[in-house]
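Here is a short tour for anyone meeting this structure for the first time. Have a look at the picture, then read on.

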Amino acid sequence: MSIPKIIRSTYSVCPVCLSRIPAQHVEIGSNVYLQKKCVQHGFFSSVIWRSKTPIGEWIGDTPRIKKNENLNCPKACGICPEHRQGTCCVLLEVTSRCNLRCKYCFADSRNTDDPSLEQVQAWLRQLAVPGKTLVQLSGGEPTVRDDLPEIISSAKEAGCRYVQLNSNGIRLAEDKEFVRKLAEAGLSFVFMQFDGTNDEINRKLRGVDLLALKKQAIENCAAYNIGVTLVPTMVPGVNTDNIGELLRFAIAESPAVRGVHFQPVSYFGRIPERPVDEVRYTLDELIYDIEVQTKGQIKAKNLIPSRCDHPLCGFHGDFVVMPHGIEPLSGKYTSKGDCCGSEPVSADKNRAFVARRWERQVQEQESHSCCSKPDIHDMDYFLKRVKSHGFTITAMAFQDAGNMDLERLRRCSLHVFDNGRFVPFCAYYLTGWDMT
Amino acid sequence: MADNKVIICCKCKKELIPKKVYFKYLGHSFFTDILKCPDCGEVFIPEELVKGRMAEVEMQLEDK
């Protein structure tokens with residue numbers, strides 16, 4: 001039996017009443033747990049790390065939350081002067097309707113009336129910082145709105161630099177003319193729910209077969225030069241053994257597919273039951289499984305902790321897809337800072353970086369001659385290839401009432417726009433475990 | 001090469017000739033043709049290369 005060891009102090013919320021309470025990272029054996037006690041509702045523990053990589057090495061010298069800091073977090077959330085990161089991406093819900101009924105859904109679609117186009121346009125004018133903003137149109141499922149092309153062009157007119165569509169891909173597959181209109185309106189790229197390479201996974205998570213539709217959606221987006229990043233929700237026992245296959249599929253679909261953005265399941269919104277540790281999938285496990293399931297083609301050392309958000313919130317890997325395979329560009333020792341705990345990156349810089357990779361810049365042409373073997377070390381070839389076939393492997397671990405860590409929340413750069421307020425994503429969708 | 005100017009090595013007084021030269025940045029290496037002294041190996045890196053393609057390579061590689 002291992003002796004529990006407190007390795008970090010932070011603040012969290014009671015999963016039942018959502019009050020702000022002290023919490024600790026406690027190491028027991030090879031696992032690290034976020035543990036906390038509410039005077040009213042008792043003791044709670046959630047696994048947050050399984051030590052495939054030492055957690056201390058991953059977090060580096062990230063500042064800890066002090067006793068007198070962020071006292072109104074998360075109750076009064078709407079980013080305040082104490083928030084430690086700017087807005088990288090703004091999420092705007094344009095509908096609560098959806099054409100799927102998933103077992104897991106952070107937004108828990110409710111099928112209420114859509115906000116009017118005029119209302120959405122007013123929000124876009126409010127949220128846009130001309131020349132900078134990356135707005136994610138989300139929902140519900142945004143493509144259920146026939147006026148989505150008008151919303152996209154309004155976002156561009158308001159000055160949004162990038163317009164991202166978060167979609168399950170169904171209408172993108174079934175209505176190519178609609179995809180054309182989205183492209184013409186100025187859509188920058190799509191984040192498409194894509195949980196795995198077989199329909200058994202789709203049936204378990206989404207209730208229906210979707211794979212053929214997803215493939216068609218990728219094809220339709222490619223026809224209009226819209227980059228697609230695949231977004232799997234990772235659920236232990238459902239698709240965590242499909243990571244290697246999924247990455248091989250995505251790489252084979254480059255340059256139409258721009259990357260894979262993994263989201264370990266989190267338990268807010270619509271979830272089947274209160275989470276136990278066995279149904280949690282930690283970032284370090286994901287990284288380990290990526291290396292093992294790709295047989296070392298993608299290595300853990302090339303996936304580096306987020307420096308825009310908190311390191312425990314995600315990672316990113318930057319690659320270029322070559323005719324013979326994938327080459328890493330990012331790595332622990334290619335960063336200008338030290339391997340971990342280097343200076344946080346501004347939201348502006350982060351946005352510019354990710355958008356550069358996710359957007360298809362021009363219709364790619366073969367970037368090498370027919371007679372010579374492409375060589376990534378050739379400066380001219382590299383510059384062409386990285387623009388056409390850049391590929392990202394990223395992850396974002398959303399927090400729920402069980403594992404909410406305010407040290408992480410105060411570094412959040414993904415903000416939901418709600419009636420003039422910018423609210424960190426995990427604070428916005430936070431729901432208590434009584435499911436009220 | 002940007003133009004056809006003849007450039008002479010200040011040490012060896014030999015004309016620089018285009019050669020494949022490797023650069024290293026953040027653990028990656030790249031080559032391109034630039035002017036190099038055939039005797040001592042001194043290279044001439046024109047400003048447009050520094051501000052153009054080399055800067056672009058830096059931007060593409062820099063960790064976000």
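Of the 436 residues in chain A, 51% count as buried, meaning that 20 or more other C-beta atoms, placed from the backbone, lie within 10 Å of a residue's own (12 or fewer is exposed, in between is partly exposed). Keep in mind that this is a predicted model, where local features need pLDDT of at least 70, side-chain atom pairs count only at pLDDT 80 or more, and totals for chains, interfaces and linings use all residues. Residues are numbered from 1 along each chain as its sequence is written, with chains lettered from A and ligands numbered from 1 in the order in which they are written.

Chain A has 13 helices and 17 strands; these are DSSP runs numbered from the N terminus, helices being H or I with at least four residues and strands E with at least two. The C-alpha trace spans about 65 × 50 × 40 Å along its principal axes.

Now for the inside. The largest nonpolar core has 125 residues, and A:L92, A:V135 and A:V190 touch the most other members. Such a core is a set of buried Ala, Val, Leu, Ile, Met, Phe, Trp, Tyr and Cys residues joined through C-beta atoms within 7 Å. Helix 8 of chain A (residues 243–252) gives this core its largest share, six residues. Beyond its neighbours within four places in sequence, A:L92 is in contact (C-beta atoms, placed from the backbone, within 7 Å) with residues including A:W123, A:V135 and A:F417.

Helix 10 of chain A is worth a closer look. Its twelve residues reach 16 Å from first C-alpha to last, close to the 16 Å expected at 1.5 Å a residue, where the expected span is 1.5 Å times one less than the number of residues. Among its buried residues are A:N350, A:F353 and A:W358. Seen down the axis, the buried residues of helix 10 of chain A fall within an arc of 165°, so they line one face of the helix; the arc is that of the directions from the helix axis to the C-beta atoms.

Here are some of the strands of chain A that help cover those buried residues:

| Strand of chain A | Residues |
|---|---|
| Strand 5 | 89–93 |
| Strand 6 | 134–138 |
| Strand 8 | 189–193 |
| Strand 11 | 257–264 |

Finally, the partner chain: 21 residues of chain A are in contact with 14 residues of chain B. On the side of chain A that touches chain B, helix 11 of chain A provides the largest share, five residues.

How values were computed
Two residues are in contact if their C-beta atoms, placed from the backbone, lie within 7 Å.
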